[in-house]
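Biologist: Hi there, could you walk me through this model? I have a list of questions and would love your reasoning along with each answer.

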Amino acid sequence: MTDEEMFEKLDEIEIRKSRERTIKSYVLRNNVISDKDRKIISQYMPDHGFFFEDKMLDYSKLFGNDNPVVVEIGFGMGDTTSEIALRRPECNYIGIEVFLHGFVNLLNDLGKRSIDNVKIIRFNAVDVLEHMIPDGSLEGFHIFFPDPWQKKRHHKRRLMTPDFLHFLSTKLRKGGYVYMVTDWEKYAEEVLEFSQNETLLENPFGGFAPPVTWRPVTKFEQKGLDKEHTINEIWLERI
């Protein structure tokens, strides 16, 4: 694949095949590939990124091993992704992000630090999960600080809904997990409440979960803590 073909494919953000969606949980801004970004993409995309295809992934081919696979939805700038991958080298990680700046930032970090257990894709998460992730195949999902869409009229844009949680649960192996962290308390309470009705998942803590030792505190999270926001963690497991 030539550099120009890679740049073009990175601009393909979503498809609409099996599921017709009119409401998205994100709004794209500053979607311009700079000359600096082009250099990073050319250098590191072949080893650390992949593109959307309408076929299921072969994890052993993608990573070169059979380690458990965790998907992170919306990794932002990717700092947490890199650190968790280094702290938990026994797992492989697929990062999904639509925002170009964050995608390129993590791509650069993976390349410079030679982090081999993370592969990233710039595409709409629902399409990736529907068309590329086999049912019952994942070790877990990480969803850290998703946009709370604070205004009531925007709540329909929230990523985590009962239907989406059920969809995630179908992609997990038995014993796999969904791990969500947010500093927006009402959003956390809402997810915790409707998760009780998901028959494929159980909450081993009965409520919010204690922090895990391998998740670092991000700059974004620290800003929330500085504003005295409560950090709520939800951990659900596939039955």
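Biologist: Let's begin with the aromatic rings: how many aromatic pairs does a search of the whole structure find?

Modeller: Happy to help! This is a predicted model, in which local features need pLDDT of at least 70 and side-chain atom pairs count only at pLDDT 80 or more, while totals for chains, interfaces and linings use all residues. Residues are numbered from 1 along each chain as its sequence is written, and side-chain values use heavy atoms, with hydrogens and water left out. Rings of Phe, Tyr and Trp (its six-membered ring) pair if their centres lie within 6.5 Å; planes under 30 degrees apart count as stacked, over 60 as edge-to-face and the rest as tilted. On that basis, the number of aromatic pairs found in the whole structure is seven.

Biologist: Which geometry do Phe144 and Tyr179 adopt?

Modeller: The ring centres of Phe144 and Tyr179 are 5.3 Å apart, and the angle between their planes is 80°, which makes the pair edge-to-face. Phe144 sits in strand β4 (residues 138–144) and Tyr179 in strand β5 (residues 172–182), so the pair links parts of the chain 35 residues apart, helices (H or I, at least four residues) and strands (E, at least two) being DSSP runs numbered from the N terminus. Both rings are buried (under 20% relative accessible area, with exposed over 50% and partly exposed in between, for a 1.4 Å probe and protein chains only), at 9% for Phe144 and 1% for Tyr179. The geometry, then, is edge-to-face.

Biologist: And how are the planes of Phe164 and Phe167 arranged?

Modeller: Phe164 and Phe167 both belong to helix α7 (residues 162–170), three residues apart, or about one turn of the helix. Phe164 is buried at 6%, and Phe167 is buried at 10%. Their ring centres are 6.2 Å apart with the planes at 50°, so the pair is tilted.

Biologist: Which residues form one aromatic cluster?

Modeller: Two of its members are already familiar, Phe144 and Tyr179. The cluster as a whole consists of Phe144, Tyr177, Tyr179, Trp214 and Trp235.

Biologist: Now the sheet: which strands stand at its edges?

Modeller: The sheet is open, has seven strands with mixed pairing, and follows the order β3-β2-β1-β4-β5-β7-β6. Two strands pair if DSSP finds at least two bridges between them. Each edge strand has a single partner, so one side of each is left without a neighbour in the sheet, and these strands are β3 and β6 (201–202).

Biologist: What is the bridge partner of Leu201 in β7?

Modeller: β6 and strand β7 (residues 232–238) run antiparallel and are joined by two bridges. Within β7, the residue bridged to Leu201 is Arg238.

Biologist: At the other edge, are Lys119 and Ile121 buried or exposed?

Modeller: Strand β3 (residues 118–121) is covered on both faces. Val118 and Ile120 lie on one side, with Lys119 and Ile121 on the other, and all of them are buried.

Biologist: What handedness does the unit of β2, helix α5 and β3 have?

Modeller: Strand β2 (residues 92–96) runs parallel to β3 and is joined to it by four bridges, with Tyr93 partnered by Val118. A crossover is right-handed if, with the strands pointing away from the viewer, the path from the first strand over the helix to the second runs clockwise. With helix α5 (residues 100–113) in the β-α-β unit, the handedness is right-handed.

Biologist: Where does Ser114 lie?

Modeller: Most residues other than glycine have a negative phi. Ser114 has a positive one, near 50°. Its place is the loop between α5 and β3.

Biologist: What is the volume of the largest cavity?

Modeller: On a 1 Å grid over the protein atoms alone, a cavity is a set of points where a 1.4 Å probe fits but cannot get out, and a pocket is an open set with protein on both sides within 12 Å along at least five of seven lines; lining residues have an atom within 4 Å of a point. The search finds one cavity of 30 Å³ or more, and its lining includes Lys9, Met45, Phe51 and Ile121. Grid points are joined across faces, edges and corners, and a volume is the space filled by probe spheres set on the points. For the largest cavity, that gives about 50 Å³.

Biologist: Last one: which helix supplies the largest share of the lining of the second largest pocket?

Modeller: The second largest pocket has a volume of about 390 Å³ and is lined by 18 residues, with Phe50, Phe51, Glu53, Leu57 and Leu62 nearest its centre. Both α2 (35–48) and α3 (59–63) supply at least two lining residues. The largest share, four residues, comes from α2.
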